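Q: Please take a close look at one part of this protein. I would like to see how its two domains meet, and what lies around that meeting place.

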Amino acid sequence: MSTGTTSSSKTIAPVDLAAERAELGAALEEAVLRVLRSGAYVLGPEVERFEADFARMHRVPNAGVGVSNGTDALILALRALGVKAGDEVVTSPFTFFASAGAIAWIGAKPVLADVELDTALLDVAKARAAITSKTTCILPVHLYGQLVDMKSFRALADEKQLALLEDCAQSHGAERDGVRSGELGDASAFSFYPTKNLGACGEGGMILSRRKEVVERAKRLRDHGSPVKYQHAEIGTNSRLQGIQGAALNVKLPHLERWNERRRAVAARYTQLLSGSKAITLLRVPAASLHVYHQYALRLVGGVPRERVLEKLKSEGILAAVHYPSPVHTQEAARDWGYKAGDFPNAERLAREVVCLPVHPFLSAADVERVAEATLRAAEGR
Ligand SMILES: Cc1ncc(COP(=O)(O)O)c(C=O)c1O
């Protein structure tokens with residue numbers, strides 16, 4: 001949150017929900033009140049409108065399936081795609097734990113394949129090498145707001161006859177090679193956690209799929225496997241998006257493209273100001289990639305001590321963050337998956353080197369320059 005009095009002393013944080021409220025607060029309050037007065041607390045017309053509009057924006061022909069959060073979106077999408085206990089699902093070791101945790105939660109086995117060092121995204125060739133006769137699905141993660149090479153992943157999934165599930169928790173509205181986040185997968189899972197590029201006023205998630213039968217099954221699964229009231233065709237759960245969240249997301253959705261554009265402008269300025277430093281390596285963005293910068297990540301290289309850089313930035317009121325300090329396979333929760341430190345060198349190196357600078361639509365040009373200058377000074381030990 002930006003607080004403080006003068007532009008030179010105010011804290012610059014990774015998100016600024018207060019600025020978002022200042023822009024949209026009145027509209028949000030009115031939308032939430034409308035739901036309160038209508039009594040449509042669970043699913044209902046606001047959610048239905050959002051399911052249709054969000055899918056349209058991602059060029060997916062069927063309306064989406066609003067669920068309680070992004071983790072449930074992954075879990076229910078896996079189930080809706082037919083992934084079952086004992087199956088193997090290939091995913092990234094360098095992501096928020098939910099991507100792999102969702103696979104394990106349904107009793108399937110997360111099989112990890114390393115990321116590219118220069119993009120931090122799942123490497124197609126390494127994913128291919130991880131496929132076995134038990135693999136039924138590939139789950140790439142569009143980390144930091146940049147799409148993996150979806151055309152190659154689509155071709156790989158088709159060749160091996162596997163389902164392709166996109167983790168789009170960080171990639172609302174992103175594109176690469178003319179393909180939108182969620183457009184090419186058999187299904188995709190979005191999160192509307194408040195800090196995401198599009199965030200609810202609480203928790204929320206969405207499954208998109210261009211396959212009608214997957215949409216129908218996901219709808220059933222979010223409602224205890226029930227196609228008709230009190231008839232249960234399969235075991236599901238309760239994961240229905242709330243009306244208040246649908247209404248808040250309807251207010252925010254028309255602003256998403258502009259906010260993403262603003263994030264790109266902030267990132268472009270960071271890239272301009274940080275390029276050329278020996279202490280910093282920027283991540284690669286392919287020319288055909290329309291990044292939405294959920295995070296602006298860079299690597300501190302040449303033995304620059306990350307903790308010292310983070311502390312120095314903090315002392316100047318700049319809150320940088322590390323996403324993620326420990327890769328998936330080194331987590332205690334993953335101890336039974338058969339991996340050890342050293343198995344995924346790129347993920348491990350990124351986990352040691354990466355720093356994410358504040359990036360959001362409400363940063364001023366002066367904020368961005370202040371962050372970049374302080375980062376250069378801290379990284380270069382000046
Ligand atoms: C890559 C990734 N996958 C999945 C999730 C899970 O989403 P949620 O927090 O809404 O359950 C997140 C969000 O934190 C995420 O960043």
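A: What follows goes from the domains to their contact, then to one residue, the core and the ligand.

Keep in mind that this is a predicted model. Start with the division of the chain. Domain 1 covers 22–254, and domain 2 covers 255–379. Their centres, taken over C-alpha atoms, are 24 Å apart. The contact draws 35 residues from domain 1 and 33 residues from domain 2.

Look now at the side of domain 1 that touches domain 2. Helix α4 (98–105) and strands β3 (109–112) and β6 (175–176) each supply at least two of its residues. Strand β3 has the largest share, with three residues. By class, this side has 16 nonpolar, 10 polar and nine charged residues.

Next, pick out one residue of that strand. Leu-112 is found in β3. Is Leu-112 buried or exposed? The cut-off for a buried residue is 20 or more other C-beta atoms within 10 Å. Leu-112 has 26, so it counts as buried.

Who are the partners of Leu-112? Set aside residues up to four places away in sequence. Leu-112 then touches Thr-91, Ser-92 and Pro-93. It also touches Val-328, His-329, Tyr-339 and Phe-344. Glu-307 makes a useful distance marker. Its C-alpha atom is 28 Å from that of Leu-112, and 195 residues separate the two along the chain.

Now turn to the core. In soluble globular proteins, nonpolar side chains tend to be buried together. Here, the largest nonpolar core has 110 residues. Those with the most contacts inside it are Ala-77, Leu-78, Leu-81, Cys-137, Ile-138, Leu-165 and Ile-207. Helix α3 (residues 70–80) gives the most to this core, namely seven residues. Both domain 1 and domain 2 give residues to the core, so it lies between them.

Ile-207 shows what such contacts look like. Leave out its neighbours within four places in sequence. Ile-207 is then in contact with Gly-64, Val-65, Val-67, Ala-73, Leu-76 and Ala-77. Its other contacts are Ala-187, Ala-189 and Ala-218.

Last comes the ligand. There are 14 residues around the ligand, and Gly-70, Thr-71, Ala-98, Ala-169 and Ser-191 come nearest. Two helices met above return here: α3 and α4 each supply at least two residues of this shell. By class, the shell has five nonpolar, eight polar and one charged residues.

Put the pieces side by side. Helix α4 supplies residues to the side of domain 1 that touches domain 2, and also to the ligand shell. Helix α3 gives the most to the core, and it supplies shell residues too.

Terms used:
Residues are numbered from 1 along each chain as its sequence is written. This is a predicted model: local features need pLDDT of at least 70, side-chain atom pairs count only at pLDDT 80 or more; totals for chains, interfaces and linings use all residues. A nonpolar core is a set of buried Ala, Val, Leu, Ile, Met, Phe, Trp, Tyr and Cys residues joined through C-beta atoms within 7 Å. A residue is buried if 20 or more other C-beta atoms lie within 10 Å of its own, exposed if 12 or fewer, and partly exposed in between; C-beta atoms are placed from the backbone. Helices (H or I, at least four residues) and strands (E, at least two) are DSSP runs, numbered from the N terminus. Domain bounds come from an automatic or database domain assignment. Two residues are in contact if their C-beta atoms, placed from the backbone, lie within 7 Å. Ala, Val, Leu, Ile, Met, Phe, Trp, Tyr, Cys and Pro count as nonpolar, Asp, Glu, Lys and Arg as charged, and the others, Gly among them, as polar. A residue is near a molecule or strand if its C-beta atom, placed from the backbone, lies within 6 Å of it.
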